[in-house]
Amino acid sequence: MKRFGLAMLMVLGLGVSTVLAEEKKNPADADGDGKVSKQEFMDREASKAQKDGKEFNAAAAEKKFAKTDRDGNGFLEGEELVKKPKTPHSPEIPPAPASEAPANE
Ligand SMILES: [Ca+2]
Ligand SMILES: [Ca+2]
């Protein structure tokens with residue numbers, strides 16, 4: 001079963017990219033300028049597909065790039081490279097005063 005090997009590789013790959021992301025260097029950033037250009041992204045996706053023995057779907061990769069490039073400047077940088085979607089900044093809500101309505105009976 002080849003699939004198990006691939007799954008393992010993917011798990012390992014994810015672990016590695018998490019570590020790299022923590023060092024602020026994205027594995028897709030081939031020239032190390034801190035940004036992932038569309039070309040770098042496409043190259044990365046292509047080589048990933050090749051490694052996985054899948055056919056590279058350029059259209060899907062382009063869509064993924066467009067989706068990830070949230071400000072649409074053609075580069076993935078900063079928060080765009082962080083895997084998890086940005087959570088809306090929620091200001092700390094002060095504990096609501098215990099609304100114990102005086103029970104006027
Ligand atoms: Ca780059
Ligand atoms: Ca961008």
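Biologist: What pattern does the protein chain follow, read along the sequence?

Modeller: Going along the sequence, the protein chain reads α-β-α-α-β. Keep in mind that this is a predicted model. In total there are 3 helices and 2 strands.

Biologist: And how many of the residues count as buried?

Modeller: Of the 105 residues in the protein chain, 8% count as buried. As for contacts with a separation of 6 or more, 38% of them come from residues 24 or more positions apart.

Biologist: Let's pick a residue, then. What makes Phe75 buried?

Modeller: The cut-off for buried is 20 or more other C-beta atoms within 10 Å. Phe75 has 20 such atoms, so Phe75 counts as buried.

Biologist: Where does Phe75 lie, and which residues does Phe75 touch?

Modeller: Phe75 lies in strand 2, residues 75–76. Leaving out residues up to four places away in sequence, Phe75 touches Lys35, Val36 and Ser37. Glu40 is 35 residues from Phe75 in sequence, with 9.4 Å between their C-alpha atoms.

Biologist: Which residues make up the largest nonpolar core?

Modeller: That core has 5 residues: Phe75 and Leu76, together with Ala28, Val36 and Phe41.

Biologist: Now Leu6. Why is Leu6 called partly exposed?

Modeller: Exposed needs 12 or fewer other C-beta atoms within 10 Å, and buried needs 20 or more. Leu6 has 14, so Leu6 falls in between and is partly exposed. Leu6 lies in helix 1, residues 2–22. In sequence, Leu6 and Asp52 are 46 residues apart, yet their C-alpha atoms are 6.7 Å apart in space.

Biologist: On to the helix pair. Why are helix 2 and helix 3 called oblique to each other?

Modeller: Two packed helices are described by the angle between their axes and the distance between the axes. Here the axes of helix 2 (residues 38–51) and helix 3 (residues 58–68) cross at roughly 130° and come within 10 Å. Roughly perpendicular covers 65 to 115 degrees, and roughly antiparallel starts over 145. The crossing angle of roughly 130° fits neither class, so helix 2 and helix 3 are oblique.

Biologist: What handedness does the crossing of helix 2 and helix 3 have, and which residues meet there?

Modeller: The crossing is right-handed. From helix 2, Lys38, Phe41, Met42 and Glu45 meet Ala58, Ala61 and Phe65 of helix 3. By class, this contact has 5 nonpolar and 2 charged residues, with no polar ones.

Definitions and conventions: Residues numbered from 1 in each chain as written. Chains lettered and ligands numbered in written order. Predicted model: local features only at pLDDT ≥ 70, side-chain atom pairs only at ≥ 80, totals over all residues. Helix = DSSP H or I, 4+ residues; strand = E, 2+ residues; numbered from the N terminus. Contact = placed C-beta atoms within 7 Å. Core = buried A, V, L, I, M, F, W, Y, C linked by C-beta atoms within 7 Å. Axes fitted to C-alpha atoms, helices over the stretch in contact; angles between N-to-C directions. Parallel < 35°, antiparallel > 145°, perpendicular 65-115°, else oblique. Left-handed = near helix turned anticlockwise from the far one by under 90°. Nonpolar A, V, L, I, M, F, W, Y, C, P; charged D, E, K, R; others polar.
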